[in-house]
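User: Please take a close look at the salt bridges of this protein, with attention to how covered or open the paired side chains are. Where other parts of the fold help to set the scene, please describe them as well.

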Amino acid sequence: MSIRLPATRPLLRHLPALLLAVAAACGGAAHAEQRVIRIVVPYGTGAVQDTIARAISDELGRALNASIVVENRAGAGGTVGTAQVARATPDGNTLVLAAASHHIAGYLYKNLAYDPYKDFTGVAYVGNTGYVILASSSLKAANTAEFIQAVKAKPGAYDYASAGNGSASHLGMAAFLTAAGAQMQHIPMKSTGDAVTELLAGRVQAVTAATIGVTGYRNDPRVTFLAYTGKQRSRFAPDLPTVAESGLPGYAFDSWLGLLAPAGIAPAERDRINAAVNGVLAEPKVQARLAALGVEAEAKSPAQFQDLLKADWDAAGKLVAASGARVE
């Protein structure tokens with residue numbers, strides 16, 4: 001029996017093409033290993049941070065030549081997902097989209113696994129959003145003064161819902177009631193969306209929610225928009241008076257939004273992400289997108305953002321004390 005081996009010359013003739021194919025495959029593999037940056041949202045889908053993270057993720061990914069993954073890690077008032085970021089390697093690949101509730105947790109929970117201020121570095125400020133106090137139309141309160149009067153007439157008889165104990169929507173409402181000298185029962189939910197659903201269904205009588213989550217209900221007959229919680233009227237609802245204008249001078253509550261990294265991130269990496277975010281915020285389509293969500297976008301340097309975080313850390317302690325919220 002004889003065996004004929006294939007000729008080698010034809011094979012050699014095709015070697016350059018084979019090498020090019022191998023090189024292309026290797027290049028494709030290298031391209032596939034694109035940097036992945038996780039933006040952890042410590043609340044469920046539909047929360048303020050979740051909506052903001054998804055509103056900027058595509059443009060930010062292109063600016064950083066990376067794949068941006070928005071990851072929801074809800075639980076325990078936002079502390080579960082935040083704790084994961086605190087433990088992450090400070091290489092810029094794991095960030096948290098935080099808000100006012102980030103610092104509030106440090107005063108509300110005694111045994112946190114992390115320090116909200118010391119264990120994080122401000123990377124990029126995104127913007128600011130205010131809150132709106134809404135009442136069930138069943139109370140027949142046309143304004144804040146009438147709402148307070150109705151609640152005071154039946155101390156503890158009415159309920160308000162929030163995104164959970166220690167959430168911004170909880171603390172904002174608790175501080176409002178303390179300032180008004182009124183009492184309501186707090187019903188913690190898993191998200192702002194769930195809290196608003198309870199209000200629409202008539203199972204609770206009030207909610208404090210970020211503008212971003214309730215603009216679509218402005219003409220809903222089931223609810224009454226009472227007041228805006230910011231220091232000044234919102235440019236997104238200029239006809240809505242502030243709480244201070246409505247009879248509680250000195251009351252103001254809003255929330256910053258921004259990306260934080262685990263403490264120890266290299267300044268060069270922090271600055272690179274900051275520059276990318278600021279560039280994204282300058283894009284007209286992103287500005288329009290955020291404006292539609294009730295967010296007043298603004299670019300800040302890392303130093304400016306860190307100064308804001310220090311001031312907010314101090315203010316959070318005062319807010320928790322003023323709200324009378326339970327410390328766990």
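Analyst: A residue is called buried when its relative accessible area is under 20% and exposed when that area is over 50%, while partly exposed covers the values in between. Arg 73 shows how the terms are applied: its relative accessible area is 36%, so Arg 73 is partly exposed. The model discussed here is predicted.

The chain as a whole comes before the pairs. The protein chain has 328 residues, of which 49% count as buried. Its secondary structure comes to 12 helices and 10 strands. Among contacts with a sequence separation of 6 or more, 77% are made by residues 24 or more positions apart. The accessible surface is about 15,400 Å², and carbon and sulfur atoms account for 54% of that area.

As a general point, side chains of opposite charge can pair when their charged atoms come close. The structure holds 15 salt bridges, including the pairs described below.

One of them joins Glu 59 to Arg 289, with a distance of 3.1 Å from N to O. This salt bridge links distant parts of the chain, since Glu 59 belongs to helix H3 (residues 48-64) and Arg 289 to helix H11 (residues 284-292), 230 residues apart. How covered is each partner, buried or partly exposed? Glu 59 has a relative accessible area of 5%, so Glu 59 is buried. Arg 289 reaches 30% relative accessibility and therefore counts as partly exposed.

Helix H3 also contains Ser 57. This serine has a relative accessibility of 11%, which means that Ser 57 counts as buried. Leaving aside residues up to four places away in sequence, Ser 57 touches Ile 68 and Val 70. Asn 65 is found in the loop between H3 and strand E2 (67-72). With a relative accessible area of 57%, Asn 65 is exposed. Its backbone is also worth noting: phi of Asn 65 is positive, about 50°, although the residue is not a glycine. In general, most residues other than glycine have a negative phi.

Glu 71 and Arg 73 form another salt bridge, at 2.7 Å from N to O. Glu 71 has 16% relative accessibility, and because this value is under 20%, Glu 71 counts as buried. Arg 73, as stated above, is partly exposed at 36%.

A further pair is Glu 245 with Arg 233, whose closest N and O atoms are 2.9 Å apart. Both residues are in the loop between strand E8 (223-228) and strand E9 (254-262), 12 residues apart. Glu 245 is partly exposed, with a relative accessible area of 49%; Arg 233 is likewise partly exposed, with 41%. In addition to such pairs, there is a network: Glu 59, Arg 62, Lys 285 and Arg 289 are joined by salt bridges that share partners.

Two further regions complete the setting. In helix H4 (residues 79-87), the buried residues include Thr 79, Gly 81, Thr 82, Ala 83 and Val 85. Their cover includes strand E1 (36-41), strand E3 (94-99), helix H5 (101-108), strand E4 (120-136) and E9. Lys 140 lies in the loop between E4 and H6. Its relative accessibility is 71%, so Lys 140 counts as exposed. Lys 140 also has a positive phi, near 55°, and is a residue other than glycine.

Helix H6 (residues 144-153) packs with helix H7 (residues 168-180) at an angle of about 80°, and their axes are 11 Å apart. That angle makes H6 roughly perpendicular to H7. On the H6 side of the contact are Thr 144, Phe 147, Ile 148 and Lys 152, which meet Met 173, Phe 176 and Ala 180 in H7. These contact residues divide into five nonpolar, one polar and one charged.

To return to the request, the pairs combine coverage in several ways. Glu 59 is buried and is paired with Arg 289, which is partly exposed. Glu 71 is buried and is paired with Arg 73, which is partly exposed. Glu 245 is partly exposed, as is its partner Arg 233.

Definitions and conventions. Residues numbered from 1 in each chain as written. Predicted model: local features only at pLDDT ≥ 70, side-chain atom pairs only at ≥ 80, totals over all residues. Heavy atoms only, no water. Axes fitted to C-alpha atoms, helices over the stretch in contact; angles between N-to-C directions. Helix = DSSP H or I, 4+ residues; strand = E, 2+ residues; numbered from the N terminus. Parallel < 35°, antiparallel > 145°, perpendicular 65-115°, else oblique. Contact = heavy atoms within 4.5 Å. Nonpolar A, V, L, I, M, F, W, Y, C, P; charged D, E, K, R; others polar. Salt bridge = Lys/Arg side-chain N within 4 Å of Asp/Glu carboxyl O. Buried < 20%, exposed > 50% of the residue type's maximum accessible area, 1.4 Å probe, protein only. Areas by Shrake-Rupley, 256 points an atom, 1.4 Å probe, with all protein chains shown as cover.
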